[in-house]
Amino acid sequence: MGCSTLYHLAKQGVGDAVLIERNKLTSGTTWHSAAQVRALRSSRNLTELIRYSISLYSQLEEETGQATGWINKGSLSIATSDDRMIHTRRQEALAHLFGLQADWVSAGEAKERWPLMNVDDVLGAVFSPEDGRVSPTDLCAALVKGARACGAKIFEDTGVTGILTKGGKVVGVETTQGTVRCEAVAVCAGLWSRKTAGLAGAGAPVWPCEHYYLLTKPVDGITGNMPTLSDHDSHLYIRDDSGGLLIGCFEPMGRAIDPEQLGEDFAFQLLPEDWDHFEPMMLNALHRLPVLETAEVKTLLNGPESFTPDSSFMLGEAAETRGLFLGCGMNSIGVASGGGAGMALAHCIVRGHTPTDLHEADPKRFPDCYNSVEALTQRAPEVLGKHYEITYPGRHYSSARNLRPTPLHAKWEAENAHFTQVYGWERPLYFGKTEEPALTFARPPWFGQVGREVRQAHQAAAIFDQSTFGKIAVRGADAETFLNRVCANNMARAPGRAIYTGMLNDRGGFESDLTALRLSEEHYRLYVGSASIRRDLAWLNRQLQETERVTFHDETEELAIIGLMGPRAAPIAVDLGAGDLLALKFFTHGEVEIAGKPVRGTRLSYVGEAGWELTCSASDAAAIYDALYAAGARPSGTLAQTAMRIEKRFLSYGHDLDTDVTPLEAGLEFAVDWSKNFIGKSAVQKRKDDGITNTIVSILLDDADGVPLGNEPVYLGKEIIGQTTSAAFGYRVGKPVALAFVKSDRLSDALDNPIHIDIARTLFSGRASLKPAYNG
């Protein structure tokens, strides 16, 4: 990451870029990387980063004269269980959506590509011809040679002892060889990144684990280079290596390492062999490759790899310190991602943003609670263990939990809630859990319970816990003019109004979508996404001009939000003495009392049922909940809320909205006030003049048994015309519903004809509409 970032900074015209290396280049993890390069990732933009890497690695030798060891023999991913086959076929469909070649092959065809493989239990495989591998040491040498040719400098054997800041901005780096004055620092320090970022007062939740692979001496049957073989049901990856075999694993539970115990001089050393720990993986390997029974072992390599709490790397500017950029926590895909990720990080440093949306990699997605040693040492081994797990819907981490209980957590425990973790918060997915649910790609065990919770909101009155939403107080004499510039909608409305708006970047894309309450002439409260609070606070602070009299305060943990929704919501409000809520018009708010506690009710709904979002002090939430419950309201979880918002075509940041999507594609032009100036206005206007290329639609499937999850191709005939973004079963309409972006030039045909969603290579028919699936 460091060499790639330096190379791309130099290529982008930063003539005074400097790389500081404590030891020698490639020390730490890079030198012993297995260096697989597999293009397909969970999103188009992450996939494009690796496709960029592939292109770069194959061309660097021509540019620099230094070979990279690029070998393009593809990859072969086998399935040995029905669910793994569904998982693999979903990946195949995703590859087609992203324009990658991926071919399903039979077990026999797989064996033709890997003759040493036992295929007795193989159901099939996907062959991806664009994949390959590279020599990490040679690759770094080529990147450095290219960077030096553009004027960049490298200082090895130079340790960083401090990062200098002034007014919250980077101004220099202290090293063992002297001080470097600079405006930006990129932390690409691998497993030492957490400590290095801490020198600038920033968090970087990265922690290393042991990572094993076995090398054998030459074996009969290995002739030349072969595709990388992925046997993920056995937790293995396998490839040829110098006529022998390299067999690596991501065992079900890894082992964390304390970076401090490695020592300052840890560079090209390895960790001790542990055959007892590796033995279960070795048995799996012997089953897959019987030739191993007689193969001679060269070494069992155990080296450190660093992981983040959610298995995605960190790329971008830190929230705490301007000019501090993170490029670390690569989760064992550093060489594959490094070319594209270094390019994207350099782009971010030079231009202030990544070339495309990479919200999955934004360092600001982590709360402080993930950066503790205790949380990281619990989570990192599980992240390693899930590296090859089937990505079932409903899969969650079990470690480092209960870091942030909501004010109503004890109530939800009493209701037998099944929790998920969002931004460290424990959030109830559904209630009435009796046992740990079995995960599946079919209808899940919680299907019926979620349906009951939807009906509670649709036919009676439901309580939704929305307390995890971020809450930002914006105060000051210039609050109105500041927000009117930063937000696309009209923020100059009278106190008592609620306003839905986007905060756009200068390309017109969403940095955030939020609801604002104007509490007084100089006081607003912004409600933002649960995982967006740190990002949004950083964005607001960075847009603030020196002369503007505005302050920001994070109120998230001080306040609770209880959604009261459904046809019985109004009678319950009257019964509890809060009848004034009924006088509120849509998108207005006012104060009442419930159970003797002050409450601010806002007339709006994220689920398409009448009701209010009730904001109160966190300490009052339990009493207010008890009163609502006694009056007949019952809790409904996040899964019910999600299903209902998809039926209503209410969009969610990170799924349907991101920094590349403008209000035009998202059908949100109603929340744009064209009469004023705001950040991104000219870009949105230009896109409007030029015509948008994608449009959001609702898709109602014909088959009630279809289970779309989001991120699937949408077909019109044999042509891929779009991609689902969110999906759920629509309990009020009785069929699965998906939101999708489709090509605008195919929109008319998509609305007039049946379309299909590719779910694990089975096409499910449906109808697209510009209207919500449920419009009650």
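The following exchange concerns the cores, cysteines and a sheet of a predicted model.

In this model, local features need pLDDT of at least 70 and side-chain atom pairs count only at pLDDT 80 or more, while totals for chains, interfaces and linings use all residues. Residues are numbered from 1 along each chain as its sequence is written, and side-chain values use heavy atoms, with hydrogens and water left out.

Visitor: Which element gives the largest share of the largest nonpolar core?
Guide: A nonpolar core is a set of buried (under 20% relative accessible area, 1.4 Å probe, protein chains only) Ala, Val, Leu, Ile, Met, Phe, Trp, Tyr and Cys residues joined through side-chain atoms within 4.5 Å. The largest has 32 residues, and Cys 3, Val 134 and Leu 139 are among those touching the most other members. Two or more residues come from each of α1 (2-11), α2 (44-64), α5 (136-149) and α9 (334-351), helices being DSSP runs of H or I of at least four residues, numbered from the N terminus. The largest share, 6 residues, belongs to α5.

Visitor: How many disulfides does the whole structure hold?
Guide: A disulfide is a pair of cysteine sulfur atoms within 2.5 Å. The sulfur of Cys 3 has its closest cysteine sulfur in Cys 140, at 4.1 Å, too far for a bond. For Cys 369, the nearest cysteine sulfur is that of Cys 328, 18 Å away. The search of the whole structure gives 0.

Visitor: Which strands stand at the edges of the open sheet β11-β18-β17?
Guide: Strands (DSSP runs of E, at least two residues) pair if DSSP finds at least two bridges between them. In this mixed sheet of 3 strands, two have a single partner strand each, so one side of each lacks a neighbour in the sheet. These are β11 (185-187) and β17 (314-317).

Notes:
Buried means under 20% relative accessible area, exposed over 50%, partly exposed in between (1.4 Å probe, protein chains only).
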